[in-house]
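Before reading on, please look over the sequence and turn the model slowly, following each chain from its beginning to its end. The report below is meant to be read with the picture beside it.

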Amino acid sequence: MEQSTASVTSNKVGLSRNDYRGAPSTLCQGCGHNGIAAQIVAACYEMNLVPEKVVKFSGIGCSSKSPTYFLGRSFSFNGLHGRMPSLALGALFADHTLKGIGLSGDGDSASIGMGQFKHLVRRNLPMVYIVENNGVYGLTKGQFSATADRGLALKKQGTNPYTPVDIAMEALVSNATFVARSFAGDPRQLKELLKAAIAHKGIAVLDIISPCVTFGNHEDSMHSYAFGKEHEEPLHEISFVPARDEITVDDFEEGTTRDVTLHDGSQVILKKLEKDYDPTNRWQALRMLEEAQENNWLVTGLLYVDPEAPTMYDWYNLPETPLNRMVEKQLRPSADSLQKINELMF
Amino acid sequence: MANQEQIVNDFCITFSTVNGSGSATANTTLMRSLFRMGIPVSGKNIFPSNIQGQPTWYTLRVSKKGYVARVEKDDIIVAMNPTTLAREMTFLTKGGVLLIPDDFKLSELRDDITIYTMPVKKIIRDAEVAPSLRDYIANMVYVGVVSWMLGIDLEMIRLALDFQFKGKQKAIDLNFNVVKAAFDWAVANLQKKDPYRVEKMQGLEGYIMSDGNTAAALGSLYGGLQFAAWYPITPATSLAESLNEYNPILRKDPETGKDTCVIVQSEDELAAIGMAIGAGWGGLRSMTSTSGPGLSLMGEYIGLAYFAEVPVVIWDVQRVGPSTGMPTRTAQGDLTQVNFMSHGDTQMIILIPGSINECFEFAWKAFDIAERMQTPVVVMSDLDFGMNQWITPKFDYPDRPMDRGKILWEADLEKKLKEWNGSWGRYLDVDGDGIPYRTLPGNQDIHSGYFARGTSHDEFARYTEAPETWERVFNRIAKKFETALQYLPKPVLTEIVGAEIGIISSGSADPAVVEARDLLMEQGIKTDYLRIRSIPFGEEVEKFLASHQQVFVVEINRDGQLLQLLTLKYPAQAVKMVKAAHMDGLPLTAKWIVEQLLQEKEA
């Protein structure tokens, strides 16, 4: 464990950036996922999260290896292909005060994991759900994934005949309470979206286009740096303002911004770009995704948010003390109660 | 009648009805009444995988000797379903009784039985029951006539209905009035010509009536269950539904009014097991309940829990497989699947309750074992236990404090770190028993976090593919299963002096084995009996095999799965083991077991 020293700047919980780092990446040089890991480190540092209050989850695939590369001090569980959502759900009920960060990919969430992904979303389990979306199976060396563009040609695979799954769309139709799309090549926007996702009360789905430099970085592919740079259509310029921080309105021209206040009092400030976009309107979000598909845009930004929707924790009458801190006298009913039960058994 | 010998508290009665007709209320009312009279009684529901309109049978066995296994013939049949009447007749013993509605036509008459016809429609009409309820209430007519025939105290029927309808007076009256009307009609119009009768008995004080799934749910809640995830599947569904029923009663914190146990209906079994394992890893006493098909789906995650060393309890309420098989019929056909669950070398701890009381006991014990051993524990029940009503000694309160195993919270870890020179490894065997120490998410010590995974790891939970590390860690896990033996329920041995034949069996085969041994004894054949209650097998099993000339392994499947596992473990004893395996979807009978033994003996 590296110690933070006085010479290193630290955040409000007294930790340095180093305290948020993980093991060195073993992914390919230039992999979009590495950039995402770096932004997770930055976002958690800036959000003053204590690593011991974060739990990381992942499934199987390149994306699912990434939790190793950030927040090395946090607990983490690398589960089965497509079945990180169920694992996370069970584990987070052990201590509902922890912040869950799930790392998945398009192979993990859009195929075998589609069911668990959508069911986690419809339960609105509070956690950040990141899909590192590259349209390709990297670990098995370059097969099409379910999010690969139709008509995309890969050397050994031929041409992809199927329409792609749109992660953000799937999240929206499953009533996700926070849906964003970003691009690994746009770190500034990504970091602000991650911060907003961390502050969100329910499930926050981030579909991050993350080019695979080894198998999928074709210029004509939506999941490439070149395409992203060329076709990215940010809906807005996004700034996250933590609760209790003063908003310096000087940064924005009047009438060009839209604020969304999250449950914890923090604010997401969206500076209007070309389109007038309301991220609290689900219908508009769905239409935007349709339009993006038709026009070949890589629409990025906060697509939809409902800051006050009840979460899965709200369906349960949970004690304040985390369940995993409960001791025998709280968990085993009395001998008297069993006598009463026995009397009922007839 | 006067010359006929009476048969008291020793007969079998089957009710043939159409499913969805409300016959369950009528049948359990009769069972409860008999139980209330202190008479040993067992009820078995043979029902179709269907909601409404298909034939269903409910059998009550009344046995003053206390036998509760299924029998193959019926002494009394109440036939309320005209489509199966001809079939019913073939099961009726000589001298038996047939009760039918007066509008049924018998195609063939038997002169060796007594027939009573019941004016079901007339009694219902006279009782002024609302038309929408008539079909449901019709079954209460036979409750009244059977009560007359057997001499069941109507007060007992009233008590049973009171219990059934949880004191709702309107429903109790509606049903009881029909029972009373039918009873009165029988008194006025029928003459008793059959020998069957019931009499009050002593000896069932301290007994209760329950099904195994309710017992399992209650045992789990008394075991400190904190998280259950489940997906509907016959015959396991009612286990989770019982959790839902009793959780608010038993597990609301009296001080805060908050719930200390979370129950989640998942989207499928893949998710149910994932949730349960996530919760187990998080430090919760966690379980799922399923049956064969669900278990097949859970295999991969259970393998991960084995390797990542996560405690979790899985209830397998077995039904007939493979595939969809017979979802509403009973079997012990998952044993080898569970034992060898998931890919790669794995080991499972299996608990096999042999009574309803043990369903309760093993339910709380399973958590102690799972947390102590940090591994999945599979409790194997079946439909016969799970869904049928049984009389059973009342549930005993756990006789020991919870064993949470080797968990390190902040203060524990700080202490241990000093002891261990500052180094802690999640998968390090410091005690030499194969069981490492674990920390739980939420622990705020900066040394506590680790990376759990299904991929190869070293003692410090770091990814590695080093051959020697893999083997060292993997062999250490195997060692846990030697340690486990001291924590598992030992087999139950019943001996007779001079017995040369041994019987090994388990689970719901037990009642038939118990009865079969008595029947064999009547023929001068002495048998010793070892009831297996857990796997891996302990030394008692080998001793039993070694000390008998011939050992019959009695089980409810086709291939003799328990025998297969015994053969693998004790190859030197294999030649003396005899397969006595049978599976047709119905609970085993003593008669069948006796026949197998006699056949083999003659051969």
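What follows goes through the shared sheet, the contact between the chains, a smaller sheet, and then two places in chain B.

**How to read the model**

This is a predicted model, in which local features need pLDDT of at least 70 and side-chain atom pairs count only at pLDDT 80 or more, while totals for chains, interfaces and linings use all residues. Residues are numbered from 1 along each chain as its sequence is written, and chains are lettered from A and ligands numbered from 1 in the order in which they are written.

Helices (H or I, at least four residues) and strands (E, at least two) are DSSP runs, numbered from the N terminus. Two strands pair if DSSP finds at least two bridges between them.

**The sheet that spans both chains**

An open sheet of nine strands, with mixed pairing, runs in the order S11(A)-S15(A)-S9(A)-S10(A)-S4(A)-S3(A)-S1(A)-S2(A)-S19(B). Strand S11 (232-234) of chain A and S19 of chain B stand at its edges, each with a single partner strand, so one side of each is left without a neighbour in the sheet. On average, and with direction ignored, neighbouring strands of this sheet are turned by 20° against each other, where axes are lines fitted to C-alpha atoms, for helices over the stretch in contact, and angles run from 0 to 180 degrees between N-to-C directions.

Is strand S1 (residues 54-58) of chain A mostly covered or mostly open? It is mostly covered, since five of its five residues are buried; a residue is buried if 20 or more other C-beta atoms lie within 10 Å of its own, exposed if 12 or fewer, and partly exposed in between, with C-beta atoms placed from the backbone. Val54(A), Lys56(A) and Ser58(A) point one way from S1(A), whereas Val55(A) and Phe57(A) point the other way, and all are buried.

The table lists some of the strand pairings in the model, each with one bridge partner pair.

| Strands | Bridges and direction | One partner pair |
|---|---|---|
| S1(A) and S3(A) | five bridges, parallel | Val54(A) and Lys99(A) |
| S1(A) and S2(A) | four bridges, parallel | Lys56(A) and Ser76(A) |
| S2(A) and S19(B) | three bridges, parallel | Ser76(A) and Phe451(B) |
| S12(A) and S14(A) | six bridges, antiparallel | Glu237(A) and Lys271(A) |

At the join between the chains, Phe77(A) also stands opposite Ala452(B) in S19(B). Elsewhere along the sheet, helix H9 (residues 282-295) of chain A lies across strand S9 (178-183) and strand S15 (298-305) of chain A, running at about 165° to S15(A).

**Where the chains meet**

In all, 58 residues of chain B are in contact with 46 residues of chain A, two residues being in contact if their C-beta atoms, placed from the backbone, lie within 7 Å. Among the elements that give two or more residues to the side of chain B that touches chain A are helix H1 (23-36), helix H10 (292-308) and strand S19 (451-453) of chain B. H9(B) gives the most to this side, with nine residues.

The residues of this side of chain B divide into 31 nonpolar, 17 polar and 10 charged. Here Ala, Val, Leu, Ile, Met, Phe, Trp, Tyr, Cys and Pro count as nonpolar, Asp, Glu, Lys and Arg as charged, and the others, Gly among them, as polar.

**A sheet of three strands in chain A**

Three strands of chain A form an open sheet in the order S12-S14-S13, with antiparallel pairing. Its edge strands are S12 (236-241) and S13 (257-261), each of which pairs on one side only, and the twist averages 20° from one strand to the next. Helix H7 (residues 187-199) of chain A lies across S12 and S14 of chain A, running at about 45° to S12(A).

**Two places in chain B**

Helix H12 (residues 356-373) of chain B has 18 residues and reaches 25 Å from its first C-alpha to its last, close to the 26 Å expected at 1.5 Å a residue, the expected span being 1.5 Å times one less than the number of residues. 18 of the 18 residues of H12(B) are buried, so the helix is largely enclosed by the rest of the structure. Just after H12(B), Gln374(B) takes a positive phi of about 50°.

Val492(B) lies in strand S20 (residues 492-494) of chain B, and it counts as partly exposed because it has 15 C-beta neighbours inside 10 Å. Leaving aside neighbours within four places in sequence, Val492(B) is in contact with Arg531(B) and Arg533(B).
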